[in-house]
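This report describes the fold of one protein chain, beginning with a single residue and widening to the whole. Please keep the structure in view while reading.

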Amino acid sequence: MRLRARLSTTVAGLTAVLTLTATLSGCMTVHGEEAIVPAADTEEAQDVLENYVEVYNEAKPANDSELNATIEVGGLGAINGAVLDARAGAIADAEEQGDQRIIDQINEAYGPEAFTPLELEDVRYHIPEQAGWPKFFIADAQSNLTDSRWLLVFTRNAIDEDWRASYLGQVPTAQLPEFAEEENGALVDIPLTGTDGDDLAVAPGELSAAYADYLTAGGVDPTFTAGPYTTEALAGREEANGNAAFRTDYIDEPAEDEQYAPVAVRTADGGALVFFTTVHNSKQTVAEGEDPVEVLRLDPASLALMDGEARRAVTWQRVAYQVAYVPAGEGQVEILGQSRGATSVTGE
(Lines give C-alpha, C1' and ligand atoms only; values in the text may rest on other atoms or scores of the structure.)
Protein backbone atom coordinates (compact mmCIF):
# COMPACT_ATOMS: atom_id res chain seq x y z
CA MET A 1 0.00 0.00 0.00
CA ARG A 2 1.19 3.49 -0.80
CA LEU A 3 0.33 5.94 1.94
CA ARG A 4 1.74 9.36 1.24
CA ALA A 5 0.53 11.02 4.39
CA ARG A 6 -0.35 14.69 4.34
CA LEU A 7 -1.43 15.16 7.92
CA SER A 8 -3.96 17.90 8.38
CA THR A 9 -4.04 17.43 12.13
CA THR A 10 -1.26 17.33 14.67
CA VAL A 11 -2.42 15.97 18.00
CA ALA A 12 -0.83 15.00 21.23
CA GLY A 13 -0.56 11.36 22.26
CA LEU A 14 -3.44 9.74 24.03
CA THR A 15 -2.48 9.66 27.72
CA ALA A 16 -3.91 8.23 30.90
CA VAL A 17 -6.64 6.52 28.89
CA LEU A 18 -6.85 3.49 31.13
CA THR A 19 -8.25 5.65 33.91
CA LEU A 20 -11.03 7.04 31.75
CA THR A 21 -14.59 5.79 32.01
CA ALA A 22 -17.64 6.88 30.06
CA THR A 23 -20.64 8.29 31.87
CA LEU A 24 -24.23 7.82 30.73
CA SER A 25 -24.26 11.39 29.48
CA GLY A 26 -21.47 10.61 27.05
CA CYS A 27 -18.78 12.45 29.00
CA MET A 28 -15.47 10.93 29.99
CA THR A 29 -14.35 11.20 33.58
CA VAL A 30 -10.95 11.08 35.20
CA HIS A 31 -11.43 10.72 38.96
CA GLY A 32 -14.84 12.36 38.58
CA GLU A 33 -13.74 15.12 36.20
CA GLU A 34 -14.48 15.43 32.50
CA ALA A 35 -11.51 15.24 30.16
CA ILE A 36 -11.30 16.17 26.49
CA VAL A 37 -8.54 14.28 24.70
CA PRO A 38 -7.61 13.51 21.08
CA ALA A 39 -9.51 10.50 19.75
CA ALA A 40 -6.17 9.09 18.55
CA ASP A 41 -2.73 10.30 17.58
CA THR A 42 -1.62 10.39 13.96
CA GLU A 43 0.69 7.40 14.29
CA GLU A 44 -2.14 5.28 15.68
CA ALA A 45 -4.50 6.51 12.95
CA GLN A 46 -1.98 5.60 10.27
CA ASP A 47 -1.57 2.10 11.74
CA VAL A 48 -5.35 1.67 11.77
CA LEU A 49 -5.65 2.64 8.11
CA GLU A 50 -2.77 0.38 7.06
CA ASN A 51 -4.39 -2.54 8.87
CA TYR A 52 -7.73 -1.74 7.22
CA VAL A 53 -6.25 -1.89 3.73
CA GLU A 54 -4.32 -5.09 4.49
CA VAL A 55 -7.38 -6.92 5.84
CA TYR A 56 -9.65 -5.47 3.14
CA ASN A 57 -7.41 -6.95 0.46
CA GLU A 58 -7.49 -10.34 2.16
CA ALA A 59 -11.16 -10.58 3.17
CA LYS A 60 -12.93 -9.34 0.03
CA PRO A 61 -11.58 -11.79 -2.57
CA ALA A 62 -11.86 -14.67 -0.06
CA ASN A 63 -15.54 -13.87 0.69
CA ASP A 64 -14.60 -13.96 4.37
CA SER A 65 -17.26 -12.04 6.30
CA GLU A 66 -15.80 -12.94 9.70
CA LEU A 67 -12.45 -11.43 8.80
CA ASN A 68 -14.19 -8.42 7.30
CA ALA A 69 -16.05 -7.88 10.58
CA THR A 70 -12.72 -7.19 12.28
CA ILE A 71 -12.30 -3.98 10.25
CA GLU A 72 -15.85 -2.84 9.47
CA VAL A 73 -18.95 -2.16 11.52
CA GLY A 74 -22.21 -0.22 11.20
CA GLY A 75 -23.84 0.12 7.80
CA LEU A 76 -20.55 -0.42 5.99
CA GLY A 77 -19.97 -3.69 7.82
CA ALA A 78 -23.59 -4.84 7.49
CA ILE A 79 -23.65 -4.35 3.72
CA ASN A 80 -20.23 -5.81 2.97
CA GLY A 81 -20.73 -8.68 5.42
CA ALA A 82 -24.01 -9.66 3.72
CA VAL A 83 -22.41 -9.44 0.27
CA LEU A 84 -19.54 -11.71 1.29
CA ASP A 85 -21.91 -14.16 2.99
CA ALA A 86 -24.11 -14.26 -0.11
CA ARG A 87 -21.19 -15.02 -2.43
CA ALA A 88 -19.77 -17.65 -0.11
CA GLY A 89 -23.23 -19.19 0.26
CA ALA A 90 -23.81 -19.27 -3.48
CA ILE A 91 -20.48 -21.04 -4.01
CA ALA A 92 -21.28 -23.56 -1.26
CA ASP A 93 -24.72 -24.26 -2.78
CA ALA A 94 -23.21 -24.68 -6.23
CA GLU A 95 -20.57 -27.07 -4.88
CA GLU A 96 -23.27 -29.14 -3.21
CA GLN A 97 -25.23 -29.30 -6.48
CA GLY A 98 -22.14 -29.86 -8.59
CA ASP A 99 -22.78 -26.69 -10.61
CA GLN A 100 -19.30 -25.56 -11.64
CA ARG A 101 -20.78 -22.92 -13.94
CA ILE A 102 -22.07 -20.86 -11.00
CA ILE A 103 -18.78 -21.22 -9.15
CA ASP A 104 -16.85 -20.03 -12.19
CA GLN A 105 -19.21 -17.07 -12.70
CA ILE A 106 -18.76 -15.81 -9.13
CA ASN A 107 -15.01 -16.34 -9.13
CA GLU A 108 -14.61 -14.67 -12.51
CA ALA A 109 -16.50 -11.62 -11.26
CA TYR A 110 -15.30 -11.40 -7.66
CA GLY A 111 -12.56 -13.96 -7.01
CA PRO A 112 -8.86 -13.37 -6.39
CA GLU A 113 -7.98 -13.06 -10.08
CA ALA A 114 -10.70 -10.45 -10.67
CA PHE A 115 -9.98 -8.53 -7.47
CA THR A 116 -8.16 -5.21 -7.64
CA PRO A 117 -6.26 -4.59 -4.38
CA LEU A 118 -7.11 -1.34 -2.63
CA GLU A 119 -4.42 1.34 -2.52
CA LEU A 120 -4.78 4.71 -0.82
CA GLU A 121 -2.59 7.77 -1.24
CA ASP A 122 -2.60 11.48 -0.44
CA VAL A 123 -3.95 10.57 3.00
CA ARG A 124 -5.12 13.24 5.43
CA TYR A 125 -6.12 12.41 8.98
CA HIS A 126 -8.85 14.49 10.63
CA ILE A 127 -8.86 13.84 14.37
CA PRO A 128 -11.18 15.55 16.86
CA GLU A 129 -10.66 16.10 20.57
CA GLN A 130 -13.49 14.37 22.39
CA ALA A 131 -14.83 13.50 25.81
CA GLY A 132 -16.32 10.09 26.43
CA TRP A 133 -17.16 7.23 24.10
CA PRO A 134 -17.60 6.46 21.29
CA LYS A 135 -14.69 8.21 19.58
CA PHE A 136 -13.95 8.58 15.90
CA PHE A 137 -11.51 9.98 13.39
CA ILE A 138 -11.64 10.37 9.62
CA ALA A 139 -9.07 9.17 7.10
CA ASP A 140 -9.49 11.18 3.90
CA ALA A 141 -7.66 9.62 0.94
CA GLN A 142 -7.52 9.16 -2.79
CA SER A 143 -8.41 5.59 -3.78
CA ASN A 144 -7.24 3.68 -6.81
CA LEU A 145 -10.74 2.17 -7.15
CA THR A 146 -12.77 5.35 -7.78
CA ASP A 147 -12.29 8.93 -8.89
CA SER A 148 -13.91 10.18 -5.69
CA ARG A 149 -12.05 10.72 -2.44
CA TRP A 150 -12.69 8.16 0.26
CA LEU A 151 -13.75 9.41 3.68
CA LEU A 152 -13.31 6.47 6.03
CA VAL A 153 -14.83 7.06 9.47
CA PHE A 154 -13.16 4.86 12.09
CA THR A 155 -14.95 4.40 15.40
CA ARG A 156 -14.60 2.51 18.66
CA ASN A 157 -16.65 2.41 21.83
CA ALA A 158 -13.96 1.68 24.44
CA ILE A 159 -10.21 1.77 24.94
CA ASP A 160 -10.00 -2.03 24.68
CA GLU A 161 -11.87 -2.15 21.34
CA ASP A 162 -10.22 -2.18 17.95
CA TRP A 163 -10.87 0.69 15.57
CA ARG A 164 -13.28 -0.29 12.78
CA ALA A 165 -14.62 1.64 9.81
CA SER A 166 -18.31 2.48 10.24
CA TYR A 167 -18.75 4.73 7.20
CA LEU A 168 -17.17 5.09 3.79
CA GLY A 169 -18.20 8.32 2.11
CA GLN A 170 -17.17 8.62 -1.52
CA VAL A 171 -17.29 12.28 -2.51
CA PRO A 172 -15.98 13.96 -5.68
CA THR A 173 -13.14 16.29 -4.77
CA ALA A 174 -15.00 19.30 -6.18
CA GLN A 175 -17.95 18.65 -3.81
CA LEU A 176 -15.95 17.98 -0.67
CA PRO A 177 -16.35 20.86 1.78
CA GLU A 178 -13.47 22.15 3.87
CA PHE A 179 -13.43 20.84 7.43
CA ALA A 180 -13.41 23.25 10.35
CA GLU A 181 -10.45 22.99 12.72
CA GLU A 182 -9.67 24.17 16.23
CA GLU A 183 -6.70 26.49 16.77
CA ASN A 184 -4.50 23.46 17.45
CA GLY A 185 -5.59 21.76 14.21
CA ALA A 186 -8.06 19.31 15.75
CA LEU A 187 -11.18 18.46 13.76
CA VAL A 188 -14.37 20.07 15.11
CA ASP A 189 -16.92 17.34 15.77
CA ILE A 190 -20.61 17.81 16.59
CA PRO A 191 -21.78 15.66 19.52
CA LEU A 192 -25.17 13.99 19.15
CA THR A 193 -26.19 15.17 22.61
CA GLY A 194 -26.55 18.77 23.72
CA THR A 195 -27.29 21.74 21.52
CA ASP A 196 -24.19 21.88 19.28
CA GLY A 197 -26.13 21.01 16.12
CA ASP A 198 -29.22 23.09 16.77
CA ASP A 199 -28.03 25.85 14.43
CA LEU A 200 -28.07 23.49 11.43
CA ALA A 201 -30.91 23.08 8.93
CA VAL A 202 -31.40 19.56 10.35
CA ALA A 203 -29.76 18.33 13.55
CA PRO A 204 -27.41 15.39 12.83
CA GLY A 205 -29.34 13.05 15.11
CA GLU A 206 -32.56 13.77 13.21
CA LEU A 207 -31.20 13.35 9.68
CA SER A 208 -31.92 9.62 9.37
CA ALA A 209 -35.59 10.11 10.24
CA ALA A 210 -35.83 13.17 8.00
CA TYR A 211 -34.55 11.24 4.98
CA ALA A 212 -36.83 8.26 5.67
CA ASP A 213 -39.80 10.64 5.98
CA TYR A 214 -38.81 12.37 2.74
CA LEU A 215 -38.89 9.10 0.80
CA THR A 216 -42.09 7.90 2.49
CA ALA A 217 -43.91 11.13 1.66
CA GLY A 218 -42.77 11.00 -1.95
CA GLY A 219 -40.48 13.99 -1.82
CA VAL A 220 -43.04 16.66 -0.98
CA ASP A 221 -40.87 17.87 1.90
CA PRO A 222 -38.25 20.33 0.58
CA THR A 223 -35.66 19.32 3.20
CA PHE A 224 -33.35 17.76 0.59
CA THR A 225 -32.02 19.04 -2.71
CA ALA A 226 -32.95 17.33 -5.96
CA GLY A 227 -30.51 14.65 -7.02
CA PRO A 228 -29.78 10.95 -7.55
CA TYR A 229 -30.64 9.95 -3.97
CA THR A 230 -33.81 12.02 -3.64
CA THR A 231 -35.91 13.05 -6.64
CA GLU A 232 -34.25 10.61 -9.04
CA ALA A 233 -34.58 7.72 -6.58
CA LEU A 234 -38.30 8.39 -6.22
CA ALA A 235 -38.70 8.63 -10.00
CA GLY A 236 -36.94 5.27 -10.31
CA ARG A 237 -39.41 3.70 -7.90
CA GLU A 238 -42.35 5.05 -9.86
CA GLU A 239 -40.89 3.81 -13.14
CA ALA A 240 -40.24 0.35 -11.71
CA ASN A 241 -43.87 0.08 -10.67
CA GLY A 242 -44.91 0.64 -14.28
CA ASN A 243 -43.94 -2.99 -14.94
CA ALA A 244 -47.08 -5.15 -15.00
CA ALA A 245 -45.11 -8.28 -14.07
CA PHE A 246 -44.59 -7.18 -10.46
CA ARG A 247 -45.25 -4.45 -7.95
CA THR A 248 -42.95 -3.10 -5.26
CA ASP A 249 -44.08 -1.67 -1.92
CA TYR A 250 -41.58 0.36 0.12
CA ILE A 251 -41.08 1.05 3.81
CA ASP A 252 -38.31 3.53 4.67
CA GLU A 253 -37.18 3.81 8.27
CA PRO A 254 -34.51 5.58 10.32
CA ALA A 255 -31.67 3.39 11.56
CA GLU A 256 -32.08 3.30 15.34
CA ASP A 257 -29.52 0.64 16.32
CA GLU A 258 -26.52 2.10 18.15
CA GLN A 259 -24.10 0.63 15.61
CA TYR A 260 -25.68 2.95 13.01
CA ALA A 261 -25.18 6.14 15.02
CA PRO A 262 -24.47 9.17 12.82
CA VAL A 263 -21.17 11.04 12.82
CA ALA A 264 -21.07 14.79 12.25
CA VAL A 265 -18.27 17.32 11.83
CA ARG A 266 -18.23 21.07 11.27
CA THR A 267 -17.33 22.55 7.92
CA ALA A 268 -15.38 25.77 7.58
CA ASP A 269 -18.50 27.69 6.51
CA GLY A 270 -20.39 26.79 9.70
CA GLY A 271 -22.37 23.91 8.22
CA ALA A 272 -21.73 20.22 8.76
CA LEU A 273 -20.76 17.04 6.99
CA VAL A 274 -22.92 14.25 8.39
CA PHE A 275 -22.63 10.49 7.91
CA PHE A 276 -25.93 8.72 8.66
CA THR A 277 -27.71 5.42 8.04
CA THR A 278 -31.24 4.42 7.02
CA VAL A 279 -33.10 1.13 6.57
CA HIS A 280 -35.21 0.38 3.49
CA ASN A 281 -37.63 -2.53 3.19
CA SER A 282 -39.23 -3.39 -0.12
CA LYS A 283 -41.63 -6.19 -1.03
CA GLN A 284 -41.80 -7.26 -4.65
CA THR A 285 -44.95 -9.22 -5.51
CA VAL A 286 -45.13 -10.81 -8.95
CA ALA A 287 -48.28 -11.27 -11.01
CA GLU A 288 -50.16 -14.52 -10.46
CA GLY A 289 -48.64 -17.35 -12.42
CA GLU A 290 -45.26 -15.68 -12.80
CA ASP A 291 -42.00 -17.11 -11.43
CA PRO A 292 -40.37 -14.61 -9.03
CA VAL A 293 -36.87 -15.96 -9.72
CA GLU A 294 -37.27 -15.28 -13.45
CA VAL A 295 -39.28 -12.05 -13.24
CA LEU A 296 -37.05 -10.47 -10.59
CA ARG A 297 -33.89 -11.95 -12.14
CA LEU A 298 -32.63 -13.25 -8.83
CA ASP A 299 -28.96 -14.20 -9.00
CA PRO A 300 -27.34 -17.10 -7.08
CA ALA A 301 -26.01 -14.77 -4.38
CA SER A 302 -29.51 -13.38 -3.70
CA LEU A 303 -30.94 -16.89 -3.54
CA ALA A 304 -28.18 -17.95 -1.15
CA LEU A 305 -29.05 -15.05 1.17
CA MET A 306 -32.78 -15.81 1.04
CA ASP A 307 -34.82 -17.25 3.88
CA GLY A 308 -37.83 -19.21 2.69
CA GLU A 309 -38.80 -19.89 -0.90
CA ALA A 310 -39.84 -17.28 -3.47
CA ARG A 311 -43.25 -18.49 -4.65
CA ARG A 312 -45.05 -15.19 -5.16
CA ALA A 313 -43.09 -12.43 -3.41
CA VAL A 314 -39.65 -11.41 -2.20
CA THR A 315 -38.99 -8.99 0.66
CA TRP A 316 -35.66 -7.19 0.81
CA GLN A 317 -34.16 -5.38 3.75
CA ARG A 318 -31.52 -2.94 2.62
CA VAL A 319 -29.24 -0.74 4.67
CA ALA A 320 -28.07 2.55 3.19
CA TYR A 321 -25.49 4.94 4.52
CA GLN A 322 -25.16 8.49 3.30
CA VAL A 323 -22.76 11.40 3.56
CA ALA A 324 -24.54 14.74 3.40
CA TYR A 325 -23.75 18.43 3.59
CA VAL A 326 -26.07 20.22 6.03
CA PRO A 327 -26.03 24.03 5.90
CA ALA A 328 -26.18 26.25 8.94
CA GLY A 329 -29.47 28.02 9.48
CA GLU A 330 -32.07 27.51 6.77
CA GLY A 331 -31.41 25.69 3.55
CA GLN A 332 -31.61 22.26 1.95
CA VAL A 333 -29.54 19.23 2.80
CA GLU A 334 -27.47 17.84 -0.08
CA ILE A 335 -26.70 14.13 -0.08
CA LEU A 336 -23.22 13.87 -1.59
CA GLY A 337 -22.92 10.10 -1.68
CA GLN A 338 -24.77 6.93 -0.81
CA SER A 339 -24.07 3.20 -0.59
CA ARG A 340 -26.79 0.62 -0.10
CA GLY A 341 -27.04 -3.13 -0.08
CA ALA A 342 -29.32 -5.98 0.91
CA THR A 343 -28.73 -7.40 4.37
CA SER A 344 -31.57 -9.94 4.28
CA VAL A 345 -33.89 -11.48 1.68
CA THR A 346 -37.09 -13.36 2.43
CA GLY A 347 -39.12 -15.42 -0.04
CA GLU A 348 -42.85 -15.97 0.33
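Leaving out residues up to four places away in sequence, alanine 324 touches Leu207, Ala272, Leu273, Val274, Phe276, Val333, Glu334, Ile335 and Leu336; a contact here means heavy atoms within 4.5 Å. Alanine 324 belongs to strand β14, residues 313-326. With a relative accessibility of 0%, alanine 324 counts as buried. The term buried stands for under 20% relative accessible area, exposed for over 50%, and partly exposed for values in between, using a 1.4 Å probe and protein chains only. Between the C-alpha atoms of alanine 324 and phenylalanine 275 the distance is 6.5 Å, although the two residues are 49 apart in sequence.

The model is predicted: local features need pLDDT of at least 70 and side-chain atom pairs count only at pLDDT 80 or more, while totals for chains, interfaces and linings use all residues. Residues are numbered from 1 along each chain as its sequence is written, and side-chain values use heavy atoms, with hydrogens and water left out.

**Overall form**

The protein contains 8 helices and 15 strands. These elements are DSSP runs numbered from the N terminus, with helices (H or I) of at least four residues and strands (E) of at least two. The radius of gyration is 22 Å, which agrees with the value near 20 Å for a compact globule of 348 residues; this radius is taken over C-alpha atoms, and the globule rule is 2.2 Å times the number of residues to the power 0.38. Along the principal axes, the C-alpha atoms fill a box of roughly 65 × 45 × 40 Å.

Of the 348 residues, 47% are buried. Among contacts between residues at least 6 apart in sequence, 66% join residues at least 24 apart. The protein carries 20 positive and 60 negative side chains, and the centres of the two sets lie 5 Å apart. In this count Lys and Arg are positive and Asp and Glu negative, while His and the chain ends are not counted; each charge is placed at NZ of Lys, CZ of Arg, CG of Asp or CD of Glu.

**The nonpolar cores**

In soluble globular proteins, nonpolar side chains tend to be buried together. A nonpolar core is defined as a set of buried Ala, Val, Leu, Ile, Met, Phe, Trp, Tyr and Cys residues joined through side-chain atoms within 4.5 Å. Which residues touch the most other members of the largest core? Of its 48 residues, they are Tyr52, Leu120, Phe137, Leu152, Phe154, Leu273 and Phe275. Helix α1 (residues 42-62) supplies the largest share of this core, 7 residues. A second, separate core has 18 residues, including Leu200, Leu215, Ala324 and Val326.

Phenylalanine 275, from the largest core, is in contact with Ile138, Leu151, Val153, Tyr167, Gly169, Pro262, Val263, Gln322 and Val323, when its neighbours within four places in sequence are left aside.

**Helix α5 and its surroundings**

Helix α5 (residues 207-216) is mostly covered, with 7 of its 10 residues buried. The buried residues are Leu207, Ser208, Ala210, Tyr211, Ala212, Tyr214 and Leu215. Their cover includes α6 (231-240), β10 (246-254), β12 (272-286), β14 and β15 (334-347). After α5 comes glycine 218, whose phi is positive, near 80°.

Arginine 237 lies in helix α6. Is arginine 237 buried or exposed? Its relative accessible area is 14%, so arginine 237 is buried. Beyond residues up to four places away in sequence, arginine 237 touches Leu215, Tyr250, Asp252 and His280.

**Backbone details**

The peptide bond from tryptophan 133 to proline 134 is cis, with omega near 0°. Proline 134 sits in the loop between β6 (129-130) and β7 (135-143). Two residues other than glycine with a positive phi are set out below.

| Residue | Phi | Place | Relative accessibility |
|---|---|---|---|
| Aspartate 122 | near 50° | strand β5 (residues 120-126) | 22%, partly exposed |
| Arginine 297 | about 55° | loop between α7 (292-295) and α8 (300-305) | 74%, exposed |
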